2 protein chains.
Amino acid sequence: MELLLQSVDRAIDLLFHLHAEREARGVSDIARALALPKSTVHRLLQALVRRGLVEQDAGGRYEPGARLVALGLGAQERDPVVGVARPVLEEEARALGETVFLTAPRGSAMIVLDKAEGAGFLRAAPRLGEEVPLHATAVGKLAFAFAPERFPIEGAGLERFTERTVRERTTLRAEVERARKQGFAVNRDEWIDGLSVVAAPVMLETPDGEPRFVAALAVAAATQRLRALGPTRLGRRTREAARRIQARLGASPATRRKRAGRRSS
Amino acid sequence: MELLLQSVDRAIDLLFHLHAEREARGVSDIARALALPKSTVHRLLQALVRRGLVEQDAGGRYEPGARLVALGLGAQERDPVVGVARPVLEEEARALGETVFLTAPRGSAMIVLDKAEGAGFLRAAPRLGEEVPLHATAVGKLAFAFAPERFPIEGAGLERFTERTVRERTTLRAEVERARKQGFAVNRDEWIDGLSVVAAPVMLETPDGEPRFVAALAVAAATQRLRALGPTRLGRRTREAARRIQARLGASPATRRKRAGRRSS
DNA sequence: GAAGATTGTTCCATATCATGGAACGACTCC
DNA sequence: GGAGTCGTTCCATGATATGGAACAATCTTC
């Protein structure tokens with residue numbers, strides 16, 4: 001794929017760069033980081049500011065703008081699962097005191113669509129929109145198990161993240177098979193040390209009657225905490241919560257349309 | 001301000017257009033809507049798809065992409081108020097059963113930063129990132145009252161939205177003055193018929209000791225419901241909730257930094 | 001099932017438009 | 001007060017975006 005629309009590409013680079021930086025940045029700083037001339041960066045920033053995708057703080061430095069929020073959350077709410085899943089996320093997060101999040105397949109990856117954070121001082125705080133690896137997470141194992149045509153194990157990378165990352169394809173296959181049988185998947189320290197996750201699939205009937213893997217509901221906690229809660233018990237609980245989401249999704253399209261047509265303040 | 005970076009500008013047009021459309025759209029359709037040649041639209045879409053800001057559905061039609069979610073929510077979470085306010089939003093929404101939302105000044109407007117929706121069938125569902133008018137909303141009156149240098153009443157538009165929209169500057173001034181005295185503002189059917197809102201300001205001490213208007217906490221409900229709850233009682237309650245947010249914000253920067261440094265799953 | 005309309009995509013000559021070096025004034029820091 | 005920043009503006013150059021035309025592939029329609 002060749003370069004095309006260089007300026008647009010650079011503008012997007014710029015947005016992601018500002019997104020990645022924790023603080024607002026100045027023109028020169030950005031120019032250095034992206035290896036572009038100051039004048040070019042300045043011109044790009046002006047174009048983005050004009051449309052509200054970037055804003056200047058009091059000191060004249062640049063940071064992501066408010067209109068970006070509108071675009072991003074619009075894209076999120078567009079997903080039919082997010083709306084019906086949110087109450088379930090909050091319910092479970094409150095009941096467990098741990099972070100509960102929703103992931104969905106996008107392209108050839110799983111991304112975090114929504115979350116409800118737990119109450120603890122030590123809690124998982126996934127970043128929305130972020131991609132998660134497949135072979136080292138609970139939701140990834142579900143993807144392999146319940147959407148094998150879209151996520152073939154053969155094509156999976158096996159990058160090592162921690163000591164416990166599964167790096168043999170046969171072991172992974174066994175893990176995935178167990179997840180398929182149990183209806184939930186577990187990840188203990190396989191991606192990030194100290195972090196464990198239990199996840200269950202949200203399946204939806206397509207018009208032609210086939211069940212399709214549309215999302216995964218996950219509970220994340222410190223590994224010790226997960227052990228205390230009991231992975232199997234938690235797995236079953238999460239499976240039930242995912243079923244509740246399924247049930248809501250299963251409502252007739254007419255009903256769903258009514259719900260969607262809420263008044264906007 | 002002249003045109004510059006035409007291609008970037010058009011790309012942004014395209015993003016907003018896709019955002020505004022409820023369904024995924026095809027190339028020709030978009031080209032017609034934006035009055036651009038098909039080839040140009042196609043090229044722009046390719047550039048955006050390449051970076052994940054736009055995605056194609058199964059039918060090859062285009063819709064806002066997942067990376068847009070990451071950018072948007074990143075911009076949202078960057079705001080220091082959002083993080084500390086969320087628990088309060090959820091708490092109040094749960095207690096009242098009505099939608100509670102947080103707005104903040106951006107540029108010369110107030111935008112919706114976060115929300116927790118109520119449980120009712122009829123409930124307010126503000127769109128995140130959306131701008132709200134100033135003269136016809138409770139949060140706008142707060143802006144006039146608590147940040148008059150930034151939001152001068154003299155410069156305010158007085159567009160008519162409903163029969164009850166305040167359209168005389170002197171009346172508006174009186175309303176604003178009352179809001180300043182009471183510490184909360186009320187809007188009854190002034191923007192949208194049937195919708196009433198009570199809002200209270202979130203003030204933060206600047207380093208030089210000046211209190212600054214950083215956000216407004218608002219409770220939205222059907223007008224009859226608001227009347228039943230008692231606007232004054234609700235106003236005081238909202239004022240208290242806003243104070244809780246202030247108290248959390250007032251924590252020392254060191255403490256806040258620690259909290260921000262949560263583990264990421 | 002053929003004809004016609006509409007779709008998404010590719011190609012390419014044209015000149016528009018983005019590009020980036022240089023110079024600017026306003027800062028801050030020694 | 002000089003040397004280093006900073007953000008911004010200007011402008012000649014040609015690289016690059018542009019959009020009309022042609023393409024094959026689907027959808028409609030009769």
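Colleague: What makes up the surface near DNA strand D, by class of residue?

Modeller: In this predicted model, the surface near DNA strand D has 11 polar residues, together with 5 nonpolar and 5 charged ones.

Colleague: Which residues are the closest to DNA strand D, and what makes a residue count as near a strand?

Modeller: A residue counts as near when its C-beta atom, placed from the backbone, lies within 6 Å of the strand; 21 residues surround DNA strand D, and A:Gln6, A:Gly26, A:Ser28, B:Pro37 and B:Ser39 are the closest. At least two residues of this surface are supplied by each of helix 1, helix 2 (27–34) and helix 3 of chain A, and likewise by each of helix 1 (6–20) and helix 3 (38–50) of chain B.

Colleague: Why are the two copies said to be related as by a two-fold rotation axis?

Modeller: Chain A is superposed on chain B by a rotation of 180° with 0.0 Å of shift along its axis, at an RMSD of 0.1 Å, and the two copies are therefore related as by a two-fold rotation axis. Of the residues of chain A, the one that comes closest to this axis is A:Gly72, whose C-alpha lies at 2.1 Å.

Colleague: How do you know that the copies meet through the same surface?

Modeller: Chain A and chain B each give 51 residues to the contact. Because 100% of the interface residues of chain A are also interface residues in chain B, the copies meet through the same surface.

Colleague: Which element gives the largest share of the side of chain A that touches chain B?

Modeller: That share, 12 residues, comes from helix 4 of chain A, and the residues of this side as a whole divide into 27 nonpolar, 10 polar and 14 charged.

Key. Residues are numbered from 1 along each chain as its sequence is written. Chains are lettered from A and ligands numbered from 1 in the order in which they are written. This is a predicted model: local features need pLDDT of at least 70, side-chain atom pairs count only at pLDDT 80 or more; totals for chains, interfaces and linings use all residues. Two residues are in contact if their C-beta atoms, placed from the backbone, lie within 7 Å. Helices (H or I, at least four residues) and strands (E, at least two) are DSSP runs, numbered from the N terminus. Ala, Val, Leu, Ile, Met, Phe, Trp, Tyr, Cys and Pro count as nonpolar, Asp, Glu, Lys and Arg as charged, and the others, Gly among them, as polar. Copies are superposed by least squares on the C-alpha atoms of residues with pLDDT of at least 70 in both.
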